[in-house]
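I am opening a notebook on a structure that is new to me, and I want to keep a careful record of what I look up. The entries go from the helices to the whole chain, and then to single residues.

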Amino acid sequence: MKRRDFILIITLLSIFAFIVVLLETGKIVGIENFVYRNISLYINPIFTIIVKIITNIGGPVIIAIICLVLCVLHQTRMKYGIPVFITVVISFILNTILKYIFARQRPSVLSLINETSYSFPSGHSMINAALYTIIILLLLKNADKKGKRIIVSISLVILFVIIGLSRIYLGVHYFGDVLAGWILGVFVAFIVYLVIKYFETKNILDFKK
C-alpha cells in the first residue's frame with residue numbers, strides 16, 4: 001500500500017471517529033440544527049417534488065438497476081460490474097450493522113416521507129457515495145479521455161452529495177448521519193479499489209477485461 005493510500009484511509013476513519021465522538025457527546029446537535037434550519041427555508045411543494053425524485057434516484061431500485069446493467073453487459077462486467085456490486089453489498093451490510101450499533105432515532109422534525117429504520121449513518125448517503133466513488137475510481141483507472149473522466153467524476157460527486165442533502169431536506173436524517181454516510185461510503189469504495197489493484201498486481205483476478 002502506498003503512503004498516500006494509507007494516509008487517506010486513516011484520514012477517513014479519523015473523520016468518522018470524530019463524528020462519532022460529537023454524536024456521543026451531543027455536541028453535533030447544534031451543527032445539525034443549524035444545517036436543517038437553513039435547508040428547511042427552501043421547503044415548498046414544488047421543490048419537495050423535485051427533492052423526492054432526487055432521493056428516489058438514490059433508492060434501492062435505481063442502485064439495483066445500475067449494478068445489474070454493469071454486471072450483465074460483457075464489456076463492463078469485470079471492469080465495473082463486479083467491483084460495483086461488491087462495493088454496494090459491503091456498504092449495505094456495514095450500514096445495517098452500524099445502524100443497530102448506534103441505534104439513533106430519526107429526527108423529530110417535519111418528515112416529508114416515511115422511514116422506519118435507525119438514522120445513523122444514512123444508508124442513502126453511504127451506499128450512493130460508495131457506488132459512485134468506486135465508479136469514479138474505476139473510470140479514472142480505465143477511461144482514456146481525461147476530459148471525459150473529469151466531467152463524469154465531478155457529476156457523480158455532485159449526484160451523491162445532493163442525494164445525501166435530500167435526506168436532510170425531507171426530515172429523515174440529521175446532517176451528522178449524512179456526513180458519516182459520505183465518509184464511510186468513500187472509505188468502502190477506496191478499500192475495494194485497493195483490493196482490486198492488489199489482485200491485479202498478483203495476477204489473482206483480471207478486472208481489465
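Before turning to the helix lengths, I note that the expected span of a helix is 1.5 Å times one less than its number of residues. I also note that this is a predicted model, and I read every entry below with that in mind.

**Entry: helix H8.** I looked up residues 175–201, which form helix H8 with 27 residues, and found that H8 reaches 39 Å from its first C-alpha to its last, close to the 39 Å expected. I then checked its cover: 19 of the 27 residues of H8 are buried, so this helix is largely enclosed by the rest of the structure. Just after H8 I came upon Asn203, which takes a positive phi of about 55°.

**Entry: helix H6.** I did the same for helix H6, residues 123–142, where 20 residues reach 28 Å from the first C-alpha to the last, close to the 28 Å expected at 1.5 Å a residue. H6 is mostly covered, as I find 18 of its 20 residues buried.

**Entry: the whole chain.** I counted 8 helices and 0 strands in the chain, and reading along the sequence I wrote down the pattern α-α-α-α-α-α-α-α. The radius of gyration is 18 Å, close to the 17 Å that the globule rule gives for 209 residues, so the chain is as compact as a globular protein of that length. Along its principal axes I noted a C-alpha trace that spans about 50 × 35 × 30 Å. Of the 209 residues, 45% count as buried, and the chain exposes about 11,500 Å², of which carbon and sulfur atoms supply 71%. For contacts between residues at least 6 apart in sequence, I recorded that 75% join residues at least 24 apart. I also looked up the charges, and found 21 positive and 8 negative side chains, with the centres of the two sets lying 6 Å apart.

**Entry: the loop between H5 and H6.** I went next to the loop between helix H5 (74–102) and H6, where Pro121 has its place. The peptide bond from Phe120 to Pro121 is cis, with omega near -10°. Ala103 lies in the loop between H5 and H6, and its phi is near 45°, a positive value in a residue other than glycine. I noted both because most residues other than glycine have a negative phi, and most peptide bonds are trans. At 31% relative accessibility, Ala103 counts as partly exposed.

**Entry: Phe120.** Is Phe120 buried or exposed? I found that Phe120 has a relative accessible area of 1% and therefore counts as buried, the cut-off being under 20%. Leaving out residues up to four places away in sequence, I listed what Phe120 touches, including Phe16, Ile19, Val20, Leu23, Leu98 and Phe102, and also Gly176, Asp177 and Ala180. By contrast, Phe120 and Ile151, 31 residues apart in sequence, are 31 Å apart in space, C-alpha to C-alpha.

**Entry: Leu41.** My last look was at Leu41, which is found in the loop between helix H2 (29–40) and helix H3 (45–57). At 67% relative accessibility, Leu41 counts as exposed. I also noted that the C-alpha atoms of Leu41 and Glu115, 74 residues apart along the chain, are separated by 22 Å.

Methods
Residues numbered from 1 in each chain as written. Predicted model: local features only at pLDDT ≥ 70, side-chain atom pairs only at ≥ 80, totals over all residues. Heavy atoms only, no water. Helix = DSSP H or I, 4+ residues; strand = E, 2+ residues; numbered from the N terminus. Rg over C-alpha atoms; globule rule 2.2 N^0.38 Å. Buried < 20%, exposed > 50% of the residue type's maximum accessible area, 1.4 Å probe, protein only. Contact = heavy atoms within 4.5 Å. Areas by Shrake-Rupley, 256 points an atom, 1.4 Å probe, with all protein chains shown as cover. Lys, Arg positive; Asp, Glu negative; His and termini not counted. Charge placed at Lys NZ, Arg CZ, Asp CG, Glu CD.
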